[in-house]
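Subject: Structure handover

Hello,

I am passing on the structure we talked about. Please open it first, then read the notes under it.

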Amino acid sequence: MSMQPWFTDAKLGIFVHWGVYAVDGVQESWSFYDDIVPHDQYMSQFDRFTAARYDPRDWAALFARAGARYAVLTSRHHDGVALWDTAHGNLNVGRDLISGYADALRERGLKVGLYYSHSDWNHPDYASTRKPGRPPELADNRYSEVAAEYEDLAAWERFIAYRDGQIRELTSRYKPDLMWFDGEWDRSEEQWRIPELAALIRSEVPDVVFNARMLSEGDYATPEQGAPVVPPQGPWELCLTINDSWGFQHHDHNHKSVTQLIRYFTETIGGGGNLLLDVGPKEDGTIPAEQVERLEGLGDWIAKHAEAVYGTVRGLPAGHHYGPSTLSADRRTLYLTLFDAPRAEIGVRGMAGTVRRVTVLGSGTELAHRVIGGLHEAPGVLWIEPPAAADLDPHATVLAVELDGELELYRGPGRF
């Protein structure tokens, strides 16, 4: 399957980690897995999860204001608690919290993504086998595996049937545009039966997009939290928290600033990726005000610079310009991002074509430019007049460099 064009054109998605873990504000699933919170205490949140103020249309409106083109909701995390009234397994919130989400996104023209964990640390048949290659006496965690002598392959078959039943429900009911899998490290591709799982999903949603945690069936790379210094080849997506937590945690006030988020965003799209920016709603379904404020701030910047965001491809490789850049799909306009107020002319190296004009995106002010130096096939340096203070964006300024033809770059060493 080829990558769906909507994904590479989207640039921004919103990740939503919402589940029973928001009641006490503890880490999703891992807090009981790692014995940070006793299992019975973690599960006591189940009866206190209300979703009392959940309004998916408010979510969708916020995501649209942020400039997002898709969202991904945790339909079921590693704790096994489903956000819909599944007929498979005994852990679900007793109602369907996904239909309204999917409908609201589509009303706004946003693509629908669903997160689903391969692993389920609460299912009675899950810890019935182990990943191949493990020492036979070792059970890494009682919630995920057993020692070799206790393996029960019939129980594992029951787990796979449960998993397939839930996936059939998700795909037939909600027709997700994207399935975002997680938890793949717990078993092998053969144990997960990845090709069969992919075929099951595509039988309901032929054009579905998979992240890399669908292993051999994945469509794009999924770096998490760590912004790649060298962008992956092909399509990719950086998933990133606004603070330090995926789900809502009362104590976590370490939110990234709007300026920092714009840096992450411009560097990501400049490398040809999407940013999947996470929010953690409270147990009642409301998104914390600090996160709303940051999404709206990012959205204001994107709206002002939309020409340099949507319909673009990855920009200049490192070394040509000190900052990220994007390139129009026709390769005739280069967009340069400036994080700081320039104190002198802005230099761009290795551009072999002719520049028609340079303007400040948002204000339209035209900037003088000239080329100095160059010898034989090695082009000179393009020097651009620095924008006036009135033309600078408080977060990041973008210059549109219009070319006479398609961008040509010189990557050689020059004459020795």
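How far apart are the mean positions of the positive and negative charges of the protein? They lie 4 Å apart, with 39 positive and 61 negative charges counted. Please keep in mind throughout that this is a predicted model.

Overall build

The protein contains ten helices and 16 strands. Its radius of gyration is 24 Å, and the globule rule gives 22 Å for 416 residues; the two values are close, so the protein is as compact as a globular protein of that length. Along the principal axes, the C-alpha atoms fill a box of roughly 75 × 45 × 40 Å.

Of the 416 residues, 56% are buried. The area that the protein exposes comes to about 17500 Å², and 49% of that area is supplied by carbon and sulfur atoms. As for contacts, take those between residues at least 6 apart in sequence: 70% of them join residues at least 24 apart.

Strand β4

One strand to look at in the viewer is β4, which covers residues 178–182. Five of its five residues are buried, so the strand is largely enclosed by the rest of the structure. Its residues point two ways: Leu178, Trp180 and Asp182 go one way, while Met179 and Phe181 go the other. The residues on both sides are buried.

β4 has pairing partners that you can find by residue number. Strand β3, residues 111–117, pairs with β4 in the parallel sense over five bridges. Within this pairing, Tyr116 stands opposite Phe181 of β4. Strand β5, residues 209–210, also pairs with β4 in the parallel sense, here over two bridges. Val209 in β5 is the residue that Leu178 stands opposite.

A residue in a loop

Where is Ala147 found? It sits in the loop between β3 and α6, the helix of residues 153–174. Is Ala147 buried or exposed? Its relative accessibility is 12%, and buried means under 20%, so Ala147 counts as buried.

Ala147 can also be compared with Ala127. The two are 20 residues apart in sequence, and their C-alpha atoms are 9.7 Å apart in space.

To find your way around, start from β4 with β3, where the pairing runs over five bridges, then go to β5, where it runs over two. After that, look for Ala147 in the loop between β3 and α6.

Regards

Notes: Residues are numbered from 1 along each chain as its sequence is written. This is a predicted model: local features need pLDDT of at least 70, side-chain atom pairs count only at pLDDT 80 or more; totals for chains, interfaces and linings use all residues. Side-chain values use heavy atoms; hydrogens and water are left out. Helices (H or I, at least four residues) and strands (E, at least two) are DSSP runs, numbered from the N terminus. The radius of gyration is taken over C-alpha atoms; the globule rule is 2.2 Å times the number of residues to the power 0.38. Buried means under 20% relative accessible area, exposed over 50%, partly exposed in between (1.4 Å probe, protein chains only). Contact means heavy atoms within 4.5 Å. Accessible areas come from the Shrake-Rupley method with a 1.4 Å probe; for residues, only the protein chains shown count as cover. Lys and Arg count as positive and Asp and Glu as negative; His and the chain ends are not counted. The place of a charge is taken as NZ of Lys, CZ of Arg, CG of Asp or CD of Glu. Two strands pair if DSSP finds at least two bridges between them.
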